[in-house]
Amino acid sequence: MVRKKNQSKLSSNIRHLITKINPKSPISEQFRTVRTNMQFSSVDNDLKSFLVTSSGPAEGKSSTTANLAIVYAQQGKRVLLIDADLRKPTMHYTFRLDNLRGLSNVLVGEVTLEEAVNRTDIDTLDVMTCGPIPPNPSELLGSRKMETLLREAKLSYDLVVFDTPPVLAVTDAQILANLVDGSVLVVRSGSTEIEPAQKAKEALAPAKAKLLGVVLNDREKKASNYYYYYGTN
């Protein structure tokens, strides 16, 4: 039963990589639109790193993060996608990677950034999984090791993308928002309530990183799921 459940989760996550499987689909085009709007939102500053979060679970945050990383790589940028959800990581499922070593190992000094990076079958896209789940995620993400890792990553990559836990659940996203160049908030159409979405935006507002915008996903139109992007000036 456990094996079937894990296989189902794996298949589900693979299907979420629409920009890889069907780059010409309308959904993939919407992700490219999101990418373009993000670039316009940071026109005065070079966007070298950003994080993706949501107000709560099951809003499409991780699949949005993965597909955004892919469309940036398809643009020719060298991208590092880091699973910074040190509580409920999913990127190792999404990209069919093991999770024996990753971000947590780097942050405690067990391996180097290079040793924790996984190559993917997508040109110019590398992935760093979460690694073993630590007992102190917030402390690790707010450590000097995290700052050092990000500085090193920026030297090797054009863009560093972080998948983070929901911002209202824990402080992890807020902590990382003080290190990256921008933040993106994901909400699900017909699911995310207005008040939590507003609270999530307010939680990110004090951070040093600019809130680049909000991605509204699962908006049905002609029986298809589309992704829309809204600025938050």
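Which residue in S5 does leucine 81 stand opposite? I looked this up in the predicted model, and leucine 81 faces valine 161.

**Entry: partners of S5.** I went on to the pairing around that spot. S2 (residues 79–83) runs parallel to S5, and I count five bridges between the two strands. S5 also pairs with S1 (residues 49–54), again in the parallel sense, this time over four bridges. For a landmark on the S1 side, I noted leucine 51, whose bridge partner in S5 is phenylalanine 162.

**Entry: burial of S5.** Next I checked how covered S5 is. Five of the five residues of this strand (residues 159–163) are buried, so S5 is largely enclosed by the rest of the structure. Side chains in a regular strand alternate between the two faces of the sheet. I therefore split S5 by side: Leu159, Val161 and Asp163 sit on one, Val160 and Phe162 on the other, and both faces are covered. Asp163 goes in my notes as one of the buried residues.

**Entry: second largest pocket.** Then I moved to a pocket. The second largest one comes out at about 160 Å³. Which element gives the most to its lining? That's H11, with four residues. Strand S6 (182–188) and helix H11 (194–204) each put in at least two. I wrote down the whole lining: Leu185, Val187, Arg188, Thr192, Glu193, Ile194, Ala197, Gln198, Lys201 and Val214. Sorted by class, I get five nonpolar, two polar and three charged residues there.

Terms used. Residues are numbered from 1 along each chain as its sequence is written. This is a predicted model: local features need pLDDT of at least 70, side-chain atom pairs count only at pLDDT 80 or more; totals for chains, interfaces and linings use all residues. Side-chain values use heavy atoms; hydrogens and water are left out. On a 1 Å grid over the protein atoms alone, a cavity is a set of points where a 1.4 Å probe fits but cannot get out, and a pocket is an open set with protein on both sides within 12 Å along at least five of seven lines; lining residues have an atom within 4 Å of a point. Grid points are joined across faces, edges and corners, and a volume is the space filled by probe spheres set on the points. Ala, Val, Leu, Ile, Met, Phe, Trp, Tyr, Cys and Pro count as nonpolar, Asp, Glu, Lys and Arg as charged, and the others, Gly among them, as polar. Buried means under 20% relative accessible area, exposed over 50%, partly exposed in between (1.4 Å probe, protein chains only). Two strands pair if DSSP finds at least two bridges between them.
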